[in-house]
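Let's take a friendly walk through a protein structure together. Have a look at the sequence and the 3D view, and then we will explore the open spaces and the ligand step by step.

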Amino acid sequence: MNKIYLIGFMGAGKTTIGQKLSEILKLSFIDVDQYIEKKYETDIPTIFKTYGEERFREYEMISLKELTKYAIVATGGGIVERKENIQLMKKGVTIYLYASLSEIKKRLKHETNRPLWNQTQKEVENLYERRHKMYEKCADIIVNTNGKSVNRVTERVKNILLHKYPKIEA
Ligand code: S3P
């Protein structure tokens, strides 16, 4: 079966849904951000603060390439910033977990740990608009998560995947 990549903006639920999906489908799972933090032995805000975003993108690209043995991959919101990443994800199935910006604002109300979220409102809005178009273009499947519980979204993703790959649970 093809690899499953979960893409979408910060707060879309990529990690939570990916984790849950992997439990239900009994498939291996990895979160790119968690992999980066382990590999480089530092947390993401520190990478941004110490070396800047470009260095983080470099780490992100190297890491995505290394994650060959996992079936489900939860990416970071900026994975679409590098063409090489998009090319690589094209080999698998890419699922865009869509959430509107107002929904994300509710979800990330108390967030302080994501460097690109902690910018001005205008910067966040511009980033969201730009990225939304990139996710749409990159995705094979788009799932709307607005107002839906983690269980409902996971169920929806699972059903879509089972329809596409009936042998997934065999
Ligand atoms: C980023 C999103 C974050 C993390 C980093 C950069 C982005 O991941 O990779 O802070 O550029 O949107 P999440 O999407 O899991 O928050």
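Helix H1 (14-25) gives the most to the lining of the largest pocket, with 4 residues. Keep in mind that this is a predicted model. H1 shares the job with other helices: H2 (32-39), H3, H4, H6 (101-107) and H8 (150-164) each supply at least two residues of that lining.

How many residues line the largest pocket? The lining has 36 residues, and Met10, Gly11, Lys14, Asp33 and Arg114 are the ones that lie nearest the centre of the pocket. If you sort the lining by class, you find 12 nonpolar, 12 polar and 12 charged residues. The volume of this pocket is about 660 Å³.

Now for the ligand. The space it takes is the largest pocket. Among the elements, helix H3 (44-51) and helix H4 (53-66) are the ones that give two or more residues to the shell around the ligand. In total, 14 residues surround the ligand, and the closest are Lys14, Asp33, Arg57, Arg114 and Arg131. Sorted by class, this shell holds 6 nonpolar, 3 polar and 5 charged residues.

Let's zoom in on a few contacts. Which part of Gly77 lies 2.8 Å from an oxygen atom of the ligand? It is a backbone N or O atom of Gly77. Two arginines reach the ligand with their side chains instead. In Arg57, a side-chain N or O atom is 2.6 Å from a ligand oxygen atom. In Arg114, a polar side-chain atom lies 2.5 Å from an oxygen atom of the ligand. Taken on its own, the ligand has 380 Å² of accessible area, and the protein covers 96% of that.

There is another pocket to visit. The second largest pocket has a volume of about 170 Å³. Which residues line the second largest pocket? They are Lys83, Ile86, Gln87, Lys90, Met134, Lys137 and Cys138. Two helices, H5 (83-89) and H7 (121-138), are the elements that give two or more residues to this lining. By class, the lining divides into 3 nonpolar, 1 polar and 3 charged residues.

To retrace the route in the 3D view, start at Lys14, which is one of the residues nearest the centre of the largest pocket and also among the closest to the ligand. Asp33 and Arg114 appear in both of these groups too. From there, move on to Met134 and Cys138, two of the residues that line the second largest pocket.

How values were computed. Residues are numbered from 1 along each chain as its sequence is written. This is a predicted model: local features need pLDDT of at least 70, side-chain atom pairs count only at pLDDT 80 or more; totals for chains, interfaces and linings use all residues. Side-chain values use heavy atoms; hydrogens and water are left out. A residue is near a molecule or strand if one of its heavy atoms lies within 4 Å of it. A polar contact is a pair of N or O atoms within 3.5 Å; within protein, one must be able to donate a hydrogen and the other to accept it, and residues adjacent in sequence count only if both atoms are side-chain atoms. Accessible areas come from the Shrake-Rupley method with a 1.4 Å probe; for residues, only the protein chains shown count as cover. On a 1 Å grid over the protein atoms alone, a cavity is a set of points where a 1.4 Å probe fits but cannot get out, and a pocket is an open set with protein on both sides within 12 Å along at least five of seven lines; lining residues have an atom within 4 Å of a point. A molecule sits in a cavity or pocket if more than half of its atoms lie within 2 Å of its grid points. Ala, Val, Leu, Ile, Met, Phe, Trp, Tyr, Cys and Pro count as nonpolar, Asp, Glu, Lys and Arg as charged, and the others, Gly among them, as polar. Grid points are joined across faces, edges and corners, and a volume is the space filled by probe spheres set on the points.
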